[in-house]
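Trainee: Please pick one part of this chain and go through it closely. After that, I would like to see other parts described in the same way.

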Amino acid sequence: MRGPAVRRLLALRREGKLTTQHVRAVGETFGVRERAVWRWLAAAEDGAAAPGESGRYYGRFMVTPEVRALLGLWKGNVAAVHRELTARADRGEGDPPPSVQTLHRAIRRDLSAGERAGLAGGERGARKHDVFLTRPRGWRNQVWEADHVQAPVLVEVEGSARRPWVTWFVDCATNTVMGVAVTPGYPSRESVLAALRSAVLREEPFGPQGGLPERVRVDRGKDFLSKTVAAAFGALVVEVEDLPAYTPHLKGTVEGLNRAVESMFLAALPGYVRQPRPGRRRARPKGEVLLGFEDFTARLLGWVEWWNTCHLPQPLDGRSPLQAWEADPTPVREVSPEELWTFTLEDDGRIRVVSTRGVRFRRRDYVGPWMTGLAGTGVRVRFMPHHDHRIEVFDATTGRYLGPATLADEASPEQITAVRTARAARSRRLRKDLTAAQRERYGAVTRPGKPERLGAVSAVQAGAELATADRADLSRLALPDLIPPAAAPPGWRTPPSLAARTRQDPVSTAPAGPDESPLAAGADGGQDGVAR
């Protein structure tokens, strides 16, 4: 730092001991000429900061909290901040600001690059200028990281183009992709459980990597924090580390994999949505042929195998992730496929009874060949989320696995397709009707004024629409006072408001005897009442 040297020279001058040799030695130390050192000394005597240090002296504009607030308001636009300060000065709310160039220099001098980026783009922009520490690499299966990522590739799924989602688990110590699951639509807890099974099992078609981790880092996704997934991790004795929201740098291993799969694999596939295209519109070419979902899944799994066996990340010292994983002497904690299948199923939480029609679950009957002779047995149901065609049945007393059960009257694929088509058509009609009902047009104005609603309606049209609405509202057709309620018995206390609305029946007002009820008295009230 030049500041301490200049302050030392200033102290020597005040003591009368400053010589040319001192000045020349400071210049040689910092690689500048002698006259530059004399200028530093003169500036320090005037109260300015020494070169290399920021300090306040008369005539220098400093960034104030007001300027910082305006920078955040105008997203880092210095010219807009200058206009705002000038307008406030014209209103007498502050001193006139310096020139735009001086304001630029002050902001560059007093604010770091991260602060300027944060005021312009928020926390995400400021994070690009931060320095992050690297976690020490532990041992295999010590920590896994899991995440969902939507592939930027359009894939044909049952005649429509969709962007599939990829769910995977990554070992932080070796960068090995432990397990992966692909979902054509939005992922769910079923996607997490499927990826977890493929990550833990070491038998074909999975492995050879696998086993149970000690800890799994996840973000605040509702799928990873669902009761089913939490129960599965708890049964497998795996700690779940829930990271704070919007902190992707805390799970950098899986985030790095998300970026790598796009640049190293997905960018070369047909249907890549971020491909630079000629022209202004980024529309997909008309003749482009998309991959089928099965083909896309096969290619993705092939790339995962290449990543684990052939890719040589720099931190692994010339080894592939799988080689680093297999060379680690840490014991692997394994679980049998049967136990894993049981633990990764969602428990119904109720005890059901096998009837002559099978097991009743969610208003459906499920049957299996093993149910013969077990009618009346108490069972518990476990199932894979969103897989309604099959359930797993366990004995309610011993917990022993009894067998699978399938839907008794499952619809044919043609019926399911017809139902989905009808539902889609109904949804389109509903969206169209709602859009038409909410679409309102207003006239354009060139001067301040009230908004003018457009769309004239004739009196006949308005009357017809209101009549239709009145007929649709059945509550307005009700006539509760058409037949007034009958009068209460004479011995009852009736509020005046209710008495005015009741129907006065010609009944006898004589009090009923001990053996005579008011009803009987009203029925035999005399000839006048009968005549009427």
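Mentor: I will start with one sheet and its edge, then go on to other strands, some loops and some helices.

The model is predicted, so local features are given only at a pLDDT of at least 70 and side-chain atom pairs only at pLDDT 80 or more, while totals for chains, interfaces and linings use all residues. Residues are numbered from 1 along each chain as its sequence is written, and side-chain values use heavy atoms, with hydrogens and water left out.

The chain has 20 helices and 14 strands. These are DSSP runs numbered from the N terminus: helices are H or I with at least four residues, and strands are E with at least two. Two strands pair if DSSP finds at least two bridges between them.

The sheet to look at is open and has six strands, in the order β9-β12-β13-β14-β11-β10, and its pairing is antiparallel. At its edges stand β9 (346-353) and β10 (359-361), each with a single partner strand, so one side of each has no neighbour in the sheet. On average, neighbouring strands here are turned by 35° against each other, direction ignored. The axes behind this angle are lines fitted to C-alpha atoms, for helices over the stretch in contact, and angles run from 0 to 180 degrees between N-to-C directions. Strands in a sheet pair through backbone hydrogen bonds, in either the parallel or the antiparallel sense.

Now take the edge at β10. Three bridges join β10 to the antiparallel strand β11 (residues 364-367), and R360 stands opposite D365 in β11. In the loop between β10 and β11 lies R362. The phi of R362 is near 55°, a positive value in a residue other than glycine. R362 counts as partly exposed, because its relative accessibility is 47%; buried means under 20% relative accessible area, exposed over 50%, and partly exposed in between, with a 1.4 Å probe and protein chains only.

A hairpin earlier in the chain can be read in the same way. Strand β4 (residues 165-171) pairs with β5 in the antiparallel sense over six bridges. V170 stands opposite V177 in β5. Five residues lie between the two strands of this hairpin, and N175 takes a positive phi near 65° there. Strand β5 (residues 177-183) is mostly covered, with seven of its seven residues buried. In strand β4 we find W168, which is buried at a relative accessible area of 1%. From C-alpha to C-alpha, W168 and V149 are 8.7 Å apart in space, and they are 19 residues apart in sequence.

Another open sheet has three strands in the order β3-β2-β8, with mixed pairing. Its edges are β3 (160-162) and β8 (291-292); each has a single partner strand, so one side of each is left without a neighbour in the sheet. Between strand β2 (residues 155-157) and β3 there are three bridges in the antiparallel sense, and V157 stands opposite S160 in β3.

Two loops have backbone features to note. The peptide bond joining E204 and P205 is cis, with omega at about 5°; P205 lies in the loop between α9 (189-200) and β6 (215-218). V237 lies in the loop between α10 (227-235) and β7 (239-242). Although V237 is not a glycine, its phi is positive, about 55°, and at 60% relative accessibility V237 counts as exposed.

Last come the helices. Helix α4 (residues 65-73) has V67, L70 and L71 as its buried residues. Seen down the axis of α4, they fall within an arc of 105°, so they line one face of the helix; the arc is that of the directions from the helix axis to the C-beta atoms. The face turned away from this buried side of α4 carries the exposed residues P65, A69 and L73. Among the elements covering the buried residues of α4 are α5 (78-90), α6 (100-110) and α7 (113-121). Just after α4, K75 takes a positive phi of about 55°.

Helix α1 (residues 2-15) packs against helix α2 (residues 20-30) at an angle of about 175°, with the axes 11 Å apart. The two helices α1 and α2 are therefore roughly antiparallel; angles over 145 degrees count as such, under 35 as roughly parallel, 65 to 115 as roughly perpendicular and the rest as oblique. R2, A5, L9 and L12 in α1 meet H22, V26 and F30 in α2, where contact means heavy atoms within 4.5 Å.
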